[in-house]
Amino acid sequence: MRTANWTDSVSVLDRVTAVFDAFGEQDEGLGVSELARRANLPKSTVSRIAADLVAQRFLDRDGDRLYLGVRLFELGQTVQQPRRLRRFALPVMTELRDVIGHTVHLAVLDGSDVVFIAIVRGAATARPLARIGGRLPAHATALGKALLAFSPPTVAAEVTAGRLERRTPHTVTEPATLLRELVDIRRLGVATEHQECVVDRACAASPILVAGGAPIAAISVAGPADSLMPDRVAPAVRAAAMTLGRRLAADHAV
Amino acid sequence: MMSLAEWNTTAAARSSPLSVLDRIVAVLDAVKESDGTTTITEIAAQTGLPKSTVSRLVAELTQQRYLERTEEGVTLGLRLFELGARASLPRRLLAAAGPVIRNLREATGERVGLWVQQGTDMVSIAAVAGRLPMLPTRAGMRSPALTTASGKAYLAFCADQAVVNRVSAPLIDDAAEHFRDELAHVRASVVALDIEESYPGILAVASPVLSVDRVVLGAISIAGPSGAMDPERVAPLVRAAGTTVTRRLAAA
């Protein structure tokens, strides 16, 4: 009985996760057939799971299109780590944006990706390069490199053991080169990104450190490569990261 | 006394709370309700599930990052944050309403909220604090649809009578009739009021947000101290805000 239940719950959760992930970064609504194709599950299975998820409001249905549901938003807003980080970070991020004039990001490391927790836009017309809740590969971003440089060596080793995706001709894809760069970042306290993730985009990032532990997040300034010089904004980014680290430490609830 | 046949029918019902998905949902809700960190024992007590079952579900949910284990216990995980940030309706509403919320906050100085309907509640999509510091101003929080201005603004324009009936089920006789009249009034004025019904000393004014094909999606509201905020003065501002969000959604 115990074994049967266990196996059962694993497969249900796996299928639910496959359905959620099938919506991709931009949830523009999907029909059951497309959902089944992307989740790599039989249409009848997806149809049944979708009906259950709609009943629980984890998915919303509009005609024959399905969307990620409001209940996920509700749960997502309650997740403690991003909530606390945002509360402390937004004033610091806004100040940094006002000083530099470019878009400011806050992200955490998750596996070999960074996940964006908060974004304060520069000019209202600035094209957003990331979304809250979105992911980018850590090795291709200043945010990710700042986080990797200050994490235990095993974390970077795990990332370099995997495939380092070439996002642009400038992406660092050689493990040895990346590891050497992380040593420099550790010394400087700031990571830079020169068109390594997106062509024509530059970025400087610094880790949020509390009491010598692993970094809990990183803050960055990003903008067009022709107007943003990462080395010039680096001191302001580093100062903002230190301010945020101090405030989080003072709250002593990190 | 129930016959054996009826018992069997009940047991075979598809919406049995014993389904794996229902258990998963119950565990996630229990962690959410703890508003921070909780323990296996507390989740078991809250859900009525055996501790061994909770323990297995938590392990699996943690492995897939729906939950996270910290030194203090079990908390909601980053995957829920990611999925929640992608959810279509809140994302579209937020994109359309962002500048409108800021303008309304600047024009009135009061707390501004954006809401969608869920079950018998309204769920906050965005909240900007005003001069009422004591009000809960966090996105993701719920308020009852029956008494809040946003709830009444939504229900007045809701074409799904089943939703209206479910929310207004607690009302009987005169109260039910009064509520129907109030919704008719909201439909005519496109503004709903909550005069200290939900929270003592607090007045709220809300207007609906509609989709391009005139389906109600949510409501925008402001809340302030009932003695100091004049509903007559702010009603046109809130109505204009609702209309503007509706127009911006159509243009998106």
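**Close-ups of a predicted two-chain model**

Chain B has 10 helices and eight strands. Everything shown here comes from a predicted model, so read each view with that in mind.

**View 1. Chain B as a whole, split into its domains.** The domain assignment cuts chain B into domain 1, residues 4-83, and domain 2, residues 87-251. Measuring over C-alpha atoms, the centres of domain 1 of chain B and domain 2 of chain B sit 31 Å apart. The C-alpha trace of chain B spans about 60 × 50 × 40 Å along its principal axes. Of the 252 residues in chain B, 39% are buried. If you like contact maps, take the contacts in chain B between residues at least 6 apart in sequence: 56% of them join residues at least 24 apart.

**View 2. The β1-β2 hairpin of chain B.** Here strand β1 (residues 67-70) of chain B meets strand β2 (residues 73-76) of chain B, running antiparallel and joined by four bridges. Just two residues lie between β1(B) and β2(B) in this hairpin. For a landmark, pick E68(B), which has T75(B) of β2(B) standing opposite.

**View 3. The six-stranded sheet of chain B.** Reading across, the strand order in chain B is β5-β4-β3-β8-β7-β6, an open sheet with antiparallel pairing. At the edges are β5 (142-144) and β6 (192-195) of chain B, each pairing on one side only. From one strand to the next, the twist averages 30°. As a reminder, strands of a sheet pair through backbone hydrogen bonds.

**View 4. Zooming in on β3 and β4, then on the helices that cover the sheet.** Seven bridges link strand β3 (residues 111-118) of chain B to strand β4 (residues 121-128) of chain B, in the antiparallel sense. One pair to look for is V116(B) with its bridge partner V123(B) in β4(B). Helix α7 (residues 149-156) of chain B packs on the sheet and touches β3, β4, β5, β6, β7 (202-210) and β8 (216-225) of chain B. The direction of α7(B) makes about 30° with that of β7(B). Helix α10 (residues 231-251) of chain B also packs on the sheet, touching β6, β7 and β8 of chain B. For α10(B), the angle with the direction of β7(B) is about 25°.

**View 5. Where chain A touches chain B.** The contact involves 36 residues of chain A and 31 residues of chain B. On the chain A side, the elements giving two or more residues are α1 (2-22), β2 (65-68), α4 (70-78) and α5 (80-100) of chain A. By class, that side of chain A has 17 nonpolar, 10 polar and nine charged residues.

**View 6. The nonpolar core around A146(A).** The largest nonpolar core holds 141 residues, and A107(A), A146(A), A205(A), I219(A) and V237(A) touch the most other members. Leaving out residues up to four places away in sequence, A146(A) touches I185(A), A191(A), A205(A), S206(A), P207(A) and A218(A). In soluble globular proteins, nonpolar side chains tend to be buried together.

**View 7. S227(A) in its loop.** Look for S227(A) in the loop between β8 (217-224) and α9 (230-251) of chain A. S227(A) counts as exposed because it has 9 other C-beta atoms within 10 Å, and the cut-off for exposed is 12 or fewer. The C-alpha atoms of S227(A) and A202(A) are separated by 8.8 Å, with the two residues 25 apart along the chain.

How values were computed:
Residues are numbered from 1 along each chain as its sequence is written. Chains are lettered from A and ligands numbered from 1 in the order in which they are written. This is a predicted model: local features need pLDDT of at least 70, side-chain atom pairs count only at pLDDT 80 or more; totals for chains, interfaces and linings use all residues. Domain bounds come from an automatic or database domain assignment. Two residues are in contact if their C-beta atoms, placed from the backbone, lie within 7 Å. Ala, Val, Leu, Ile, Met, Phe, Trp, Tyr, Cys and Pro count as nonpolar, Asp, Glu, Lys and Arg as charged, and the others, Gly among them, as polar. Two strands pair if DSSP finds at least two bridges between them. Axes are lines fitted to C-alpha atoms, for helices over the stretch in contact, and angles run from 0 to 180 degrees between N-to-C directions. A residue is buried if 20 or more other C-beta atoms lie within 10 Å of its own, exposed if 12 or fewer, and partly exposed in between; C-beta atoms are placed from the backbone. A nonpolar core is a set of buried Ala, Val, Leu, Ile, Met, Phe, Trp, Tyr and Cys residues joined through C-beta atoms within 7 Å.
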